[in-house]
Amino acid sequence: MTEKREKFLAAFMMILLITCLFPVMYLGRYNHPTGDDYRFGVDARLEWENSENLINVIAEAGKGVCREYSQWQGTYSAMFLMYLPPNLFGDSAYRLVTTVILLLLTGGIFYLLKPMICDWLKASRTFWIISSSAISLLCIETVPSQGETFFWYNGSMYYTGYFAITLFFWGLLIRYTDKNRKWHLPLLLFLSFFLAGGNYASLLPSMILLFFTTIWQLYKKDPKAKTIGMMTISMLAGFIVSAAAPGNRIRQDILWKIPAWKAILKSLWQGIRYIIAWTDAWYMIFLLLITPLLWKYLKKCRFSFHYPVFVVGFMFGIFCSMSCPTFYTMNSTGPARVVSIVYYAYILFFSMSYCYLLGYFQNTWAKKIKIISEIKKFKIGLIVAGSCILFTLQIIEGNLYSLTTTKAVYLLSNGEAKAYEEEYQERMNILMDDTVKDAILPPFEHQPDMLYVGDFSTDPSTFLNQKAATYFHKDSILVSSP
């Protein structure tokens, strides 16, 4: 592919990414808090109403983290953010959740891949834009569940948000090790401890990778091995602080815990099941379209690609490690918001594995197989044709309607999102009426996919309903039976 065509493709992919993101972000204007957004946000909300002092609000969030640490959950940095949901400052702030999460995820992917593609692979910036845009589209458009992933603050921040910050962490670390940017070190040390206070599904693979990075740097006798070791210790220390929380033991009593060895085996088996389920036509279209450019740059790459079995096996192990925490504590894959970040990791890890295997094939077998040179001049046409056939099959089978952007456009165009907004505002009229002390809310007749992720209970004595009643200064809140 000529340089001019490559630039055109890069511009097209960037425009496509922005075009696809816009309807999803716009749908966020109909997004509203629910569930734990009220439960964790109540104390800071009351403090904001009383003092309108941000320092006092942050202090209240800190007190909440201490309570949760001893009573429910040890993930200190995530709990701090949970106690500061955007609805503290009104619904208008909450409408930004989807935009912030999507930009974080997309930015993390672009930031991580920049040094890997431009510095390691020695490819062009246009190829970086093409690859990053395509991977971002795959992660956002084909993620198994969108509601908890992009729209619900508590769930999206805790999982997709922390996963995105983890990508920024690794992007920073690569730049620190490759270009010796010393000013990155304080931020890396902070992020290593910050991420240790988040979800374990993102944390465990980072801890494993950081440990082996330290070992590799020591093996090379790189002076930066000591500072990377400091990051490893910082992350490990944060993990110990999080895991040792008394609240974790209390919470674990209501969950189904299994032995660690069984969790590892289940995670490995689940990893195979994920690969079978997720290696679909969308992913194959991505691989087909990216292969000609990747092949071109792998030819120029001086890397040897000598250990395909070891590298791919290691990446598979890291990928499977993300499922270990939920199997260990819940004996399951966890809720949809957890599966979403495992899906992102699948896209990233196996794109990297494909790159490595293609490099190995090119260095080892391509020159020995004559058919490769025979079809060389036809390969782009064959690949484009194959991609078009797969895309057409996706349309015929109706899979186009499962994409995130398609769903967003559908909800915006058919009036479902607007109807949900009207019902929500009717409820808010009741909740904001100071003369109503026992609020009885009508159930949502419209429960649009992505926007609706849960509701209050019909039982006013539930913990969430009680917290919400305090949040809105009511004696009780319940949802009337349909």
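Two strands pair if DSSP finds at least two bridges between them. I start there since the strands come first today. One caution before that: this is a predicted model.

So, the strands. Strand β1 covers residues 438-441, and β1 pairs with β2 in the parallel sense, over 4 bridges. Asp438 has Ser476 of β2 as its bridge partner. Leu441 is bridged to Val479, again in β2.

Now the side chains. Which residues of β1 are buried, and which are not? Ala439 and Leu441 point to one face and are buried. Asp438 and Ile440 point to the other face and are not buried. Strand β2, residues 476-479, is covered on both faces. Ser476 and Leu478 are buried on one side, and Ile477 and Val479 are buried on the other. Put the two strands together at the Asp438 bridge: Asp438 is not buried, while its partner, Ser476, is buried. At the Leu441 bridge, Leu441 is buried, and Val479 of β2 is buried too.

Next, helix packing. Two packed helices are described by the angle between their axes and the distance between the axes. I have three pairs.

The first pair is α10, residues 184-196, with α12, residues 225-243. Their axes come within 7 Å and cross at roughly 25°. Angles under 35 degrees count as roughly parallel, so α10 is roughly parallel to α12. The crossing of these two helices is right-handed. From α10 the contact uses Leu185, Leu188, Leu189, Ser192, Phe193 and Ala196. On the α12 side, the residues include Met230, Met231, Ser234, Gly238 and Phe239. By class, the contact of α10 with α12 has 10 nonpolar residues, 5 polar ones and no charged ones.

The second pair is α6, residues 97-120, with α9. Here the axes come within 9 Å, and the crossing is at roughly 25°. These two are therefore also roughly parallel to each other. What is the hand of the crossing where α6 passes α9? It is left-handed. The residues of the contact of α6 with α9 divide into 19 nonpolar, 6 polar and 5 charged.

While we are on α9, which spans residues 153-179, look at Thr166, which is placed in that helix. Is Thr166 buried or exposed? Its relative accessibility is 8%, so Thr166 counts as buried, the cut-off for buried being under 20%. Leaving aside neighbours within four places in sequence, Thr166 is in contact with Leu195, Ser202 and Ser206.

The third pair is α7, residues 125-141, with α15, residues 281-300. They pack at an angle of about 165°, and their axes are 11 Å apart. Over 145 degrees counts as roughly antiparallel, so α7 is roughly antiparallel to α15. The crossing of α7 and α15 is left-handed. Phe127, Ile130, Ser131, Ala134, Ile135 and Leu138 of α7 meet residues of α15, among them Trp282, Tyr283, Phe286 and Tyr297. The contact of α7 with α15 divides into 12 nonpolar residues, 1 polar and no charged.

One last residue, Ala336, which lies in α18, residues 336-364. Ala336 has a relative accessible area of 29%, so it is partly exposed. Which residues does Ala336 touch, not counting those up to four places away in sequence? Ser145 and Glu148. Ser145 is 191 residues away from Ala336 along the chain, yet their C-alpha atoms are separated by 6.0 Å.

Methods
Residues numbered from 1 in each chain as written. Predicted model: local features only at pLDDT ≥ 70, side-chain atom pairs only at ≥ 80, totals over all residues. Heavy atoms only, no water. Axes fitted to C-alpha atoms, helices over the stretch in contact; angles between N-to-C directions. Parallel < 35°, antiparallel > 145°, perpendicular 65-115°, else oblique. Left-handed = near helix turned anticlockwise from the far one by under 90°. Contact = heavy atoms within 4.5 Å. Nonpolar A, V, L, I, M, F, W, Y, C, P; charged D, E, K, R; others polar. Buried < 20%, exposed > 50% of the residue type's maximum accessible area, 1.4 Å probe, protein only.
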